[in-house]
Amino acid sequence: MRINLKINGENYELEVEPRTLLVYAIRELAGLTGTHVGCDTSSCGACTVLIDGKAIKSCTLFAVQAQGSDITTVEGLAKDGELHPIQRSFKEKHGLQCGFCTPGMIMLACDILENETDLKEDNLRRLLKGNLCRCTGYQNIVDAISDASMVK
Amino acid sequence: MTAVIGKPIKRFEDDKLIRGLGQYVEDLKLPKMVYAVFVRSQVAHAEIKVNADQARAEEGVVAVITGEDIEGKVGKNFTAWIVPNSNQVGAEISSRPLLACRKVKYVGEPIAMVIAESKERAFDVAELVEVEYKELPAVASIENAIREDAPLVHEQMQSNIALKWQIKNGDVDRIFSESDRVIRQKIYINRAAPVPIEPRACIADYNFSNGKLTLWVTSQNPHIHRFYIANVLGIPEQKVRVIAPDVGGGFGAKIDIYNEELLACYASMILKRPVKWVETRSEHFVASLHGRDFLVDVEFAVMSDGKVRAIRGNSYANMGAYLGTVSPGVASVLHGLILPGPYAIEAFDYTTHAVFTNTMILDADRGAGRPEAIFVLERMMDLIADELGIDPLELRKRNYLPSGENIQTVTGLSYDSLDFSKVLSKFGEVSDYEILREKQKKARQEGRFLGIGVVSSIDICGFAPSPVVGAVGLQAGQWESAAVRFHPTGKITVLTGTHSHGQGGDTTYAQIVSEILGVPLDSIEVLHGDTDMIPMGWGTYGSRGTSTGGSAVYRAAEKVREKGRIIAAHVLNSKPEEIEFENGEYFLKSDPQKKITIQEVALHANVGWNLPEGVEPGLEAQSFFDPPNFTYPFGIHLCVVEVKPDTGEVEIQKYVAVDDAGKIINPMLAEAQIHGGVVHGIGHAMFENIAYTDDGQILTGSFNEYALPKAHFIPRIESYFTETPSPANPIGAKGIGEEGAIAAQIAVANAIIDALKPFGVKHLDGPYTPARIWKAIRGNLAKV
């Protein structure tokens, strides 16, 4: 089946199977491998992208369900090579180690910074509960998001 | 130039990773690549018949490989640790067949490899491989496996005991008979798993024209992968290139050499096409190594004043169906030798056992044998404190080994440097321990149940003096390699035999080189993870990266500096002994204005127009650093919990870690290692459990059943360091990767059990889930 997606401002026409998950369309057909797959139960959040501005685990949708959507992946955040403030905060606050969960965390953080008002630590931690990290113990991820909210 | 060692330098690794431009194995594609999927055993123990005819006939299928197809054509996947004086079972029994042949021995064991033109096709066709099972009695738990009438995992054996290794020193029986009390407890540390967020993956590409095999693989130790591929598949080692690109966490899971990786190589050789395999997460829970799963029965001989004089007991580690790459050592050496921890014990008699069961293979999970030892030790210390009515922290103070260097232990270890007085003093400053105890008393009066766990820990790491690891049976060296190479433009490439998969080695090693050569950090590039590029090295695990790999970098940089001094002297018309080096410049002692930068020296060396007699061109050096001793980081961790008796829920209210890992190169990275390690330990204590039924069916096959800690389950970790340099390496570093995981699992356990004391609970095995705690409160845990 043929679908049209806008990813990071570019139009893609992709040939997918009905069962193709969005994350694989993004990774394997659009070739944007920054979005990762860490599980097969929609538990880990490594595949989180923004769909029409909202953080969604891209393994929870079939590619065909995303027909016509405007998607932002981690590759689309930096503008003219300049890091997005949340990317900068992840580096400044050492919010990543192996980097595998990081794109998902960063995309979730974009949604949080855009749409949430209570950014106190307790609430930030609750907002992160759909995304798993094994390296950082989350502390510096929480601090990175908090830090980026100040910049904003 | 100011010092760069000890500074929280931001990581060079980050830019590509935060832009989504990392290259993990799953991200790679090669022309004409085919995709593999494994058919795995659904049962724990059975005779099998495999019929792949229908699958082979399907369109898009490139090959279906079964155990019978490869029998005798490839070797088996063997263990690299043969523990001396342990009657360890021979390789003919303990080695894994790459694909099960006629018999399966655990759920998830690979039976057939389906290779197709697309991943989707491979998954579809795998469904068509027929496996007929004739089930055999199976055994999954240690307790069942060590019974006299237990079903045998390997019918050639008389029992399921894979090895038995005793450590004995001192007159244990006499001291036990002289002691005021004997405290005994059976402790079970449940099975868990390392669970990096990136599952395993590999791509094998065999070029038949020159016989060269390249494997991209999620590995913590690419050179060990190369060695195994050469041995198991019979390829000359120089014809094997292993690349571990960006790797998404390891924690031990990516130390082992796995069947799937060896099979991908074999398949690429016969198909003459690149073969890719990517593990699914559900597959990970049955196909990647598990950890912990130790049953220990110990008794401690103690005096009324709290002095622990002797320890004796037995441990049993659940190995699964075969021996993993290093699992015999995890079950014995790495566990038993550290069990007396930081305490002065007079006599010790401890027998470790490794037990086969019909389960997935056990091996190194962040700490590997040491967390289990410190768990047992520190659980016992709390039981003793309780029995004698001594404050748990006070009891520990009464038993610490003296401060100093090369402190001998009852098990024959020599602790490189130890200073608990320093850690205690810092702990006193930051923990409010006495105030917390008061708060706990007050809470109990109010009907609330606070618990405090305060533990001391010590880790064996900095692997390691090669002759010593050889003597205890590891079939490998544990020195580490580095090369430091000046380019003509004055920039530097550093090669390291370790592998960084989150630790930040690229940054810390650059800090070391910058410090020694006085060059800017951004002129240094650190490379790792490609066996064709990097000198032989042993990889990253066991908290060895900085202390051993970093020391090799340090030594190589020193060699470069000294060769540069000879060239500088020549250019400045002087003698090397007349030359000083500071801040990246060589200058005459007698006339500091006469100077030359190290970058200029590098240009001289690289063009070779004007070199002293007998000096070779080029400015680079290698070092192979073999440490004279292990390193032993140590610390005190404190955990405060509140248990809700109505539900059994636990809230962690405070976590304080004071660690001494010797010299810290980058405090930001060291602290983050503690954060991650502590949360790993909290996870293993409270949420994570690999569960099997008695007949070996796995119950925790995905993230829906296996609970990794989430951000809102845990508090902020307060991390502090003291620095007692290690004399075992030029940096003075000890290692920090495992400390957190070792201390936290038992700190949490002790805190929870402390909170349960008013209910008469003296001991409880994990995982400390609400259901188990609720039942313990009601005194009916047996019915769990």
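Buried residues account for 59% of the 784 residues in chain B, and keep in mind throughout that this is a predicted model. Chain B is built from 23 helices and 28 strands. Its radius of gyration is 27 Å, close to the 28 Å that the globule rule gives for 784 residues, so chain B is as compact as a globular protein of that length. If you want a feel for the dimensions, the C-alpha atoms of chain B fill a box of roughly 85 × 75 × 50 Å along the principal axes. Much of the contact map reaches across the sequence, too: of the contacts in chain B with a separation of 6 or more, 80% are between residues 24 or more positions apart.

Now for the inside. In soluble globular proteins, nonpolar side chains tend to be buried together. Here the largest nonpolar core has 314 residues, and B:Val114, B:Val513 and B:Ile752 are the ones with the most contacts inside it. Helix 22 of chain B, residues 739-756, provides the largest share of this core, with 13 residues. Take B:Val513 as a place to zoom in. Setting aside neighbours within four places in sequence, B:Val513 is in contact with B:Val484, B:Ile492, B:Val494, B:Ile524, B:Val553 and B:Ala557.

While you're in chain B, have a look at some backbone oddities. Most residues other than glycine have a negative phi, and most peptide bonds are trans. B:Phe251 goes the other way, with a positive phi near 60°. You'll find B:Phe251 in the loop between strand 11 (240-243) and helix 9 (259-271) of chain B. It's a loop residue, but B:Phe251 counts as buried because it has 29 C-beta neighbours inside 10 Å. B:Ser543 also has a positive phi, about 50°, without being a glycine. Its loop runs between strand 21 (524-527) and helix 19 (545-571) of chain B. With 30 C-beta neighbours inside 10 Å, B:Ser543 counts as buried.

Then there are the cis peptide bonds. One joins B:Phe463 and B:Ala464, with omega about -20°. B:Ala464 sits in the loop between strand 18 (449-458) and helix 17 (466-471) of chain B. Another cis bond links B:Gly766 to B:Pro767, and there omega is about 0°. B:Pro767 belongs to the loop between helix 22 and helix 23 (770-777) of chain B, and helix 22 is the helix that gives the core its largest share.

Over to chain A. The domain assignment splits chain A into domain 1 (2-75) and domain 2 (85-151). Their C-alpha centres lie 21 Å apart. Where they meet, 16 residues of domain 1 of chain A are in contact with 13 residues of domain 2 of chain A. On the domain 1 side, strand 3 (48-51) and strand 4 (54-57) of chain A each supply at least two residues. Strand 3 of chain A gives the most, three residues. By class, that side of domain 1 has seven nonpolar, eight polar and one charged residue.

Finally, how do the chains meet? The contact takes 44 residues from chain A and 43 residues from chain B. On chain A's side, helix 2 (85-92), helix 3 (102-115), helix 4 (121-127) and helix 5 (139-151) each contribute at least two residues. The largest share, four residues, comes from helix 2 of chain A. Sorted by class, the side of chain A that touches chain B has 19 nonpolar, 16 polar and nine charged residues.

Definitions and conventions:
Residues numbered from 1 in each chain as written. Chains lettered and ligands numbered in written order. Predicted model: local features only at pLDDT ≥ 70, side-chain atom pairs only at ≥ 80, totals over all residues. Domains from an automatic or database assignment. Contact = placed C-beta atoms within 7 Å. Nonpolar A, V, L, I, M, F, W, Y, C, P; charged D, E, K, R; others polar. Core = buried A, V, L, I, M, F, W, Y, C linked by C-beta atoms within 7 Å. Buried ≥ 20, exposed ≤ 12 C-beta atoms within 10 Å, placed from the backbone. Rg over C-alpha atoms; globule rule 2.2 N^0.38 Å.
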